[in-house]
Amino acid sequence: PVKCEFSIHRIDSRPSYEAISYTLGDPSQSRSVIINGCKLEVNSNAFDILQDRATFLKTRKIWIDSICINQVDKEEKSVQIPLMREIYSRASRVLVWLG
């Protein structure tokens, strides 16, 4: 299984991270990842990124929207989505996943 650790940082604290840009894909095709010991359903493309690049991403701090933004919380999404331009621009590197 894909296992990750999740940590929370304020964007104004200038954390060092890499952002991943990808297409969401079919929302009905979800897969499970383990984050801080808890199961989370993510879209299949996010899962594929984490699984296929596990060795590369293992020691990196990454931001990936489908995990870092609670997709079922409309209020959180309404706050976080407008910040995505800033999130991507402050990343030390942006990785693009084409599948």
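Which residues touch the most other members of the largest nonpolar core? The close-ups below start there and then move around this predicted model.

**Close-up 1. The largest nonpolar core and its best-connected members.** This core has 15 residues, and the ones that touch the most other members are Tyr-22, Val-33 and Ile-49. At least two residues each come from E2, E3, H1 and strand E6, which covers residues 93-97. Helix H1 gives the largest share, with four residues.

**Close-up 2. Ile-49 and the residues around it.** Leave out anything up to four places away in sequence, and Ile-49 still touches Ile-20, Tyr-22, Leu-57, Ile-64 and Trp-97. There is also a second, separate core, made of eight residues, and Tyr-17, Ile-69, Ile-87 and Ala-91 are among them.

**Close-up 3. Helix H1 and its buried residues.** H1 runs over residues 44-52. Here you can pick out the buried ones: Ser-44, Asn-45, Ala-46, Phe-47, Ile-49 and Leu-50. Now look at the N-terminal end of H1, where Asn-43 acts as a cap. One of its side-chain oxygens sits 3.1 Å from the backbone nitrogen of Asn-45.

**Close-up 4. Ser-44, a buried serine in H1.** Why does Ser-44 count as buried? Its relative accessible area is 17%, and the cut-off for buried is under 20%. Skipping residues up to four places away in sequence, Ser-44 touches Gln-29, Ser-30 and Arg-31.

**Close-up 5. Arg-14, a loop residue with a positive phi.** Arg-14 is not a glycine, yet its phi is positive, at about 55°. You'll find Arg-14 in the loop that links strand E1 (3-4) to strand E2 (18-22). Is Arg-14 buried or exposed? With 58% relative accessibility, Arg-14 counts as exposed, because the cut-off for exposed is over 50%.

**Close-up 6. Asn-36, another non-glycine with a positive phi.** For Asn-36, phi is about 50°. Asn-36 belongs to the loop between strand E3 (30-35) and strand E4 (38-43). Its relative accessible area is 46%, so Asn-36 is described as partly exposed.

**Close-up 7. The stretch listed in UniProt, residues 17-99.** An unreviewed UniProt entry lists these residues as "domain: Heterokaryon incompatibility". How far apart are the end C-alpha atoms of residues 17-99? They lie 21 Å apart. As for what the span is made of, 37% is helix and 29% is strand.

Definitions and conventions. Residues are numbered from 1 along each chain as its sequence is written. This is a predicted model: local features need pLDDT of at least 70, side-chain atom pairs count only at pLDDT 80 or more; totals for chains, interfaces and linings use all residues. Side-chain values use heavy atoms; hydrogens and water are left out. Buried means under 20% relative accessible area, exposed over 50%, partly exposed in between (1.4 Å probe, protein chains only). A polar contact is a pair of N or O atoms within 3.5 Å; within protein, one must be able to donate a hydrogen and the other to accept it, and residues adjacent in sequence count only if both atoms are side-chain atoms. UniProt positions are given in the numbering used here, feature names are shortened, and annotations may be inferred rather than shown by experiment. A nonpolar core is a set of buried Ala, Val, Leu, Ile, Met, Phe, Trp, Tyr and Cys residues joined through side-chain atoms within 4.5 Å. Contact means heavy atoms within 4.5 Å.
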